[in-house]
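Open the model in your viewer and keep the selection panel at hand. The stops below go from aromatic rings to charges over rings and then to a helix pair.

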Amino acid sequence: MKRLLITSTSLAALVLTACGEPASDDAAPAESAAPEAAAEDAATETAMDWQAELETNPLLAELSGPYGGVPQFDEAELDMLAPAVRAGMAAHLAEIDEIANNSEPPTFENTIVAMERAGQPLGRVFNFWGIWSANMSSPEFRELQRELSPELAAYNSQITQNAALFDRIRTVHDEQMGELRPDQQRLVTIVYDGFARNGATLEGEAAERYAEINQRLSELHTQFANNVLNDEESYVTYIAEDQLGGLPQSVVNAYAAAAAERGREGEYAVTNTRSSMDPFLTFSTERDLRETVWRTYYNRGDNGDEFDNNAIIAEILQLRDERVGLLGYDNYAQWRLENRMAGTPERAMELMEAVWPAAIGRVAEEVADMQALADDRGDGITIEPWDYRYYMELIRQDRYELDSNEVRQYLQLDNLLEAMFYVAGELFNYEFTPVPEGSVPVWHEDVTVYEVTDRDSGDHVGVWYLDPFARTGKRSGAWASSFRGHTTFDGQQRPLSTNNSNFVEPGPGEPVLISWDDANTFFHEFGHALHTLSSNVVYPTLNGGVRDYTEFQSQLLERWLFTEPVVDNYFIHVETGEPMPDALVERIQAAATFNQGFATTEYLASALVDMAYHTTDPAGIDPDAFERETLERLGMPEELPMRHRSTHFGHIFSGEGYSAGYYGYMWADVLTSDATEAFRDAPGGFYDQELASSMVEHLFAPRNAVDPAEAYRAFRGRDADIAPLMRDRGFPVPAEAGGSAGDEDANND
């Protein structure tokens, strides 16, 4: 079980609330008793209560069934969640107290390994929490999430501020590292830094304030995410049949199905998600409706109502700044990047600033081309953000004779799934087999489950869940997660990995056709799953990662989407059954760097604004004005928005995983482009077995058991540099190219 730092004010308070019987001010005991005896009785009852919950609540139960155990989603009821969370926290805190108060001198085994072993019941609860949060959200869950999040933050602080526990960790870290294996040394370093960087060294009022800030941030992160989800669910653009001009039939069918699902038969629904918005802005000839859909999507969280996120962002930034100030840092980004590959905000900015001028220069060229086309057509418009995708698609068709809808006809979801399995077989030697129906519980009928085995030996590798379609209550975008990671320290445990997408479900009997961008994303998220499935780490915490490195493996897997075996065997026309013709393949290759101004600029703008937020004094900040002024200072082209506007930038404001770290996608892409050139140059190309084995051995299997910079050098023989990235995007290579991404030590967050 991964070490949990996610906590409560006291065991007694936890259990009383969990049992639904909070103490009231006027409650009186049936008979008087000595205070000491009453306290002892209460403590005993508390212990019995949470222990009873451990024994009876299905959310806390040991994983059962095939494949070393799987979550029993068919037994889960939402009213089980709060009691399970509170009992799980109480159980973990009891384990932590036992470790901290051990009378034996601290050792790696009785302190660090004991912590790795602790908290398993609560970890199992969070398998269900994650599904209710991301895949099956509801107003009832959101209320529970709002109620429990501050309790979890307090519980977390109770662990990180346990002085006796940190003393034991520090002893192992300072005195016993020389006795340990390299992976054990890394584990100790990660654990020690996790405590030291999260308030363990604070005392008195500073420690109390740190815990208060964490508790409030937990509330705000939850509220931010739920506000975005509200706007995604509440704002739907309904259109009539005479407003479908330009839309491919597959998109029309999907919009009809979305409207029918919402009780609007005969209409067409453009839902407020990227997968629904993007094809509308790309193909629709209805300019006024394009503007409506564009504004609806990019104004999520910024509608001036009770779900507006501007005030929440301001408070989050102020609290983050205050918290790192307690630890002695100048700003939040300095604290956040200290244990990442970049090391400092300055190094991250150097990379982004090296690419930014080329990106906005390319946008200027793209906009000029679009405006010329609009003028030639006599459209009488000036290019606006809701025009960008539409006119770029027209230029793509004209310049490269490449129609995005023509490409979509070869991108059937089922075939792409088989293509991913093929790549996994060739590179990782994995085979994916659907499990017998009903043998593994799922949270929704759309979910399919596969057993993963070694295709030569047949040995079990893990289990993979796929939840592909958008629905009400499911957050937008695509993501990977897991229910269990690989470990061997207490017997071998095999991974349970998941991929989640938001493809628009078609009408009955219709195939699922997706865009080229969505196909790339599908492969990207599968890369995360393969990273989980290939793990060979001993200890749970080592399944974590360094944020500006964890996107590397998934971005690298994207490069196999357009390899010859995939194109020849899996890009099959939906109607004719014929493979993609060579002429179309050549046109796609010719257009490989097309629209890179848009793609790079919309991403980099978000990354640069993220870094600006977290290196600026946030006192009195107005996020709406700050975003606008920062983009003006950067010279952001007016014809496109940042990919994630502040008020729906969940990467950085619905939690802290990517805060001051959205740059990490580009950092990882430097590694990706560099590693891709290694495969291009290999004798066997992208399917070179020797290089593929090295990739799995050094870049996938170690997870966080090896410093990322060391892992990359072991694979490549050197650090990566920026030149391949610039070549990949069709940008000029800076004269000073050759600077590396990967010469800083990094630890887990």
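Start by showing the Phe, Tyr and Trp side chains: this predicted model holds 53 aromatic pairs, counting rings whose centres lie within 6.5 Å.

Select Y549 and F552 as one such pair. Their ring centres are 5.7 Å apart and their planes meet at 45°. That angle falls between the limits of 30 degrees for stacked and 60 for edge-to-face, so the pair is tilted. Both residues belong to helix α20 (residues 547-558), where they are 3 residues apart and therefore separated by about one helical turn. Are they buried or exposed? Y549 is buried, with a relative accessible area of 4%, and F552 is buried as well, at 0%.

Now extend the selection to W560, F679, F686, Y712 and F715. Ring pairs join these residues with Y549 and F552 into a cluster.

Next, look at two arginines. Select R290 with Y390: the charged end of R290 sits over the ring of Y390, 4.2 Å from the ring centre. Then select R475 with W479, where the charged end of R475 lies over the ring of W479, 4.0 Å from its centre.

Finish with helix α4 (residues 108-117) and helix α8 (residues 182-196). They pack at an angle of about 70°, and their axes are 11 Å apart. This makes α4 roughly perpendicular to α8. To see the contact, show F108, I112, M115 and E116 on α4, which meet Q184, L187, V188, V191 and F195 on α8. Coloured by type, the contact residues of α4 with α8 divide into 7 nonpolar, 1 polar and 1 charged.

Notes: Residues numbered from 1 in each chain as written. Predicted model: local features only at pLDDT ≥ 70, side-chain atom pairs only at ≥ 80, totals over all residues. Heavy atoms only, no water. Axes fitted to C-alpha atoms, helices over the stretch in contact; angles between N-to-C directions. Helix = DSSP H or I, 4+ residues; strand = E, 2+ residues; numbered from the N terminus. Parallel < 35°, antiparallel > 145°, perpendicular 65-115°, else oblique. Contact = heavy atoms within 4.5 Å. Nonpolar A, V, L, I, M, F, W, Y, C, P; charged D, E, K, R; others polar. Phe/Tyr/Trp six-rings, centres within 6.5 Å; stacked < 30°, edge-to-face > 60°. Buried < 20%, exposed > 50% of the residue type's maximum accessible area, 1.4 Å probe, protein only. Lys NZ or Arg CZ within 6 Å of the ring centre and 35° of its normal.
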